[in-house]
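Open your viewer and get ready to select residues by number. This tour moves from one stop to the next, telling you what to pick and what is there.

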Amino acid sequence: MTENWFKAEVFFACPHCGQRSSETLIANASRHNPAAVAESIRKTVAPLTCQQCKKLAPDGIQYQIGMNDLKPEDVSKLNLSGPKLPQFDPSKPCPCGLHGKSYGACCKDKGMNALGNVMLRGTAPVLIPGTRTEVLSSTVMGDTRFRIVWNEVWHSPQEQTFHQFLDGLVGKTLGKDWFEQQQSLPVKNRNAIVRWRTTMLSLLKKPGDANDAVSAGHTLTGPVKAYLCFGYDLYWLQLVHRLPESLIKRLKDFQAFQGARYEVLIAAVFARAGFEIEWIDDTKAAGKHPEFIATHKKTKKKVGVETKSRKRPGAMNYIGSVTPETHLKGDVFDLYEKAIQQAPADGLPFLIFIDPNVPASFPKDVPAYSDIPVETFPWMTEIRDRLVSIWDGAAEPSAESAVFVTNFAFYYGNEEDPSPIGMGSFFLSPKPRVPLLSDPMIEDLIYCLQHYDQVPRQL
């Protein structure tokens with residue numbers, strides 16, 4: 001039978017106020033098929049809300065449906081009831097993990113679509129704040145939480161936080177043997193990943209010292225934020241595909257780590273912004289080429305991406321000391337010259353991402369995601385002015401469509417104070433081979449860069 005849109009009325013007796021509540025809905029089903037009506041409405045009404053007292057109806061409540069010339073009793077004889085939640089101990093931590101509360105004090109009575117209840121019903125698409133694409137939530141069954149990453153189902157105690165899961169994901173990606181080998185080295189010779197993780201484990205042994213009006217916890221110091229963001233990046237890049245072995249090898253290499261880390265960071269931002277990532281294998285590709293090709297799922301547009309990170313003494317795995325003379329300069333143009341040589345030759349837009357790798361120089365008390373003039377930071381002004389000079393003096397269109405300058409140098413922070421703030425700027429070439437002016441994928445990228453350091457408590 002042909003399905004059409006119909007107006008439906010849902011009736012139920014509210015157990016909270018004792019009054020009869022009705023709600024008008026629009027449903028898609030054949031009016032001559034009560035079972036189809038029932039199923040369509042069942043999906044539409046959850047959760048039911050009393051229109052008198054505005055409270056959510058309990059799961060499993062009986063209700064009736066009226067639909068055009070279909071009488072309520074024609075459908076209600078099917079003994080309809082709202083979907084029921086699995087039994088779950090209200091004294092246990094809530095599956096959502098967002099507020100540090102028990103299930104009974106958190107999501108239990110907040111309807112079928114509360115995150116904790118979604119996780120009890122099974123994995124569900126969730127749009128995470130700071131991203132432009134949905135991922136599947138974890139699901140809780142009894143005392144076990146399940147997550148799906150790539151082709152593997154991860155299981156853990158129900159109360160495991162997403163941050164703990166990320167720590168396990170880092171370990172699985174890089175290998176237990178590698179971590180054990182790193183621990184046998186002098187601290188100065190250990191990969192930055194291992195040093196960041198050691199700082200995090202040390203922090204977790206201390207009493208919580210932060211309260212953000214959501215739950216008590218620990219102040220995220222710079223090294224800890226650097227580690228969590230790294231784990232979150234690995235999560236996004238491995239949801240569908242495993243990382244290339246060549247990239248994992250570079251992450252584990254003391255000297256190659258910094259470049260590989262920045263490549264992972266930018267690729268993860270693209271993934272959060274709704275792109276598919278196609279890594280380019282250096283051992284198979286002929287000639288110059290970017291790090292990866294990204295395809296924007298909404299517009300189907302492809303773009304070539306090249307990443308470069310400035311090495312500076314005392315940062316990441318580079319030996320030396322941090323000094324204002326070497327660390328507050330926009331001297332990235334040797335990297336820029338190398339980057340433009342990697343432009344794709346097939347007419348794709350080309351984006352260059354450069355990490356100046358300087359300590360945070362934000363004014364104090366600046367709110368996150370603020371728009372601050374470039375002139376606030378002399379090193380960023382230096383980069384902008386040099387780019388403008390290069391573009392203005394060029395006789396030919398530029399290979400790059402735009403240059404992103406990002407500085408997520410959380411690792412410059414110490415082990416006591418809150419992490420430094422990340423920052424970034426976007427410079428659009430005035431005469432590119434392939435223009436990107438007003439392209440919606442740029443808006444998605446900028447949004448995800450602005451919210452890069454948001455790592456959810458639970459997922």
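**Stop one: a pair of neighbours**

Select Asp-109 and Lys-108: they form a salt bridge, with their closest N and O atoms 3.6 Å apart. A salt bridge here is a side-chain nitrogen of Lys or Arg within 4 Å of a carboxyl oxygen of Asp or Glu. Asp-109 counts as exposed because its relative accessibility is 57%, and Lys-108 counts as partly exposed at 36%. (Buried means under 20% relative accessible area, exposed over 50%, and partly exposed in between, with a 1.4 Å probe and protein chains only.)

Before you move on, note that this is a predicted model, in which local features need pLDDT of at least 70, side-chain atom pairs count only at pLDDT 80 or more, and totals for chains, interfaces and linings use all residues. Residues are numbered from 1 along each chain as its sequence is written, and side-chain values use heavy atoms, with hydrogens and water left out.

**Stop two: more salt bridges**

How many salt bridges does the structure hold? There are 19. Pick Glu-263 and Arg-250 next, whose side chains meet in a salt bridge at 2.9 Å, N to O. This pair links distant parts of the chain, with Glu-263 in helix α9 and Arg-250 in helix α8, 13 residues apart. Helices (H or I, at least four residues) and strands (E, at least two) are DSSP runs, numbered from the N terminus. Is Glu-263 buried or exposed? Glu-263 is buried, at 4% relative accessible area, while Arg-250 is partly exposed at 29%.

Now select Arg-310 and Asp-334, a salt bridge with its closest N and O atoms 2.4 Å apart. Arg-310 sits in the loop between β13 and α10 (324-327), and Asp-334 lies in helix α11 (residues 333-340), 24 residues along the chain from its partner. Arg-310 counts as buried at 14% relative accessibility, and Asp-334 as partly exposed at 38%. Then show Arg-132, Lys-298, Glu-443 and Asp-444 together: salt bridges that share partners join them into one network.

**Stop three: an open pocket**

The second largest pocket has a volume of about 660 Å³. To find it, select Arg-250, Gly-259, Ala-260, Glu-263 and Glu-291, the closest to its centre of the 27 residues that line it. On a 1 Å grid over the protein atoms alone, a pocket is an open set of points with protein on both sides within 12 Å along at least five of seven lines; a cavity is a set where a 1.4 Å probe fits but cannot get out; lining residues have an atom within 4 Å of a point. Grid points are joined across faces, edges and corners, and a volume is the space filled by probe spheres set on the points. Which element gives the most to this pocket's lining? Helix α9 does, with 5 residues.

**Stop four: a closed space**

The structure holds 3 cavities of 30 Å³ or more, and the largest has a volume of about 140 Å³. Select Arg-261, Leu-265, Met-316, Phe-408 and Tyr-411, which lie nearest its centre among 17 lining residues. Colour α7 (222-237), α9 (257-272) and β15 (402-407) too, since each supplies at least two residues of the lining. Here again α9 gives the most, with 4 residues.
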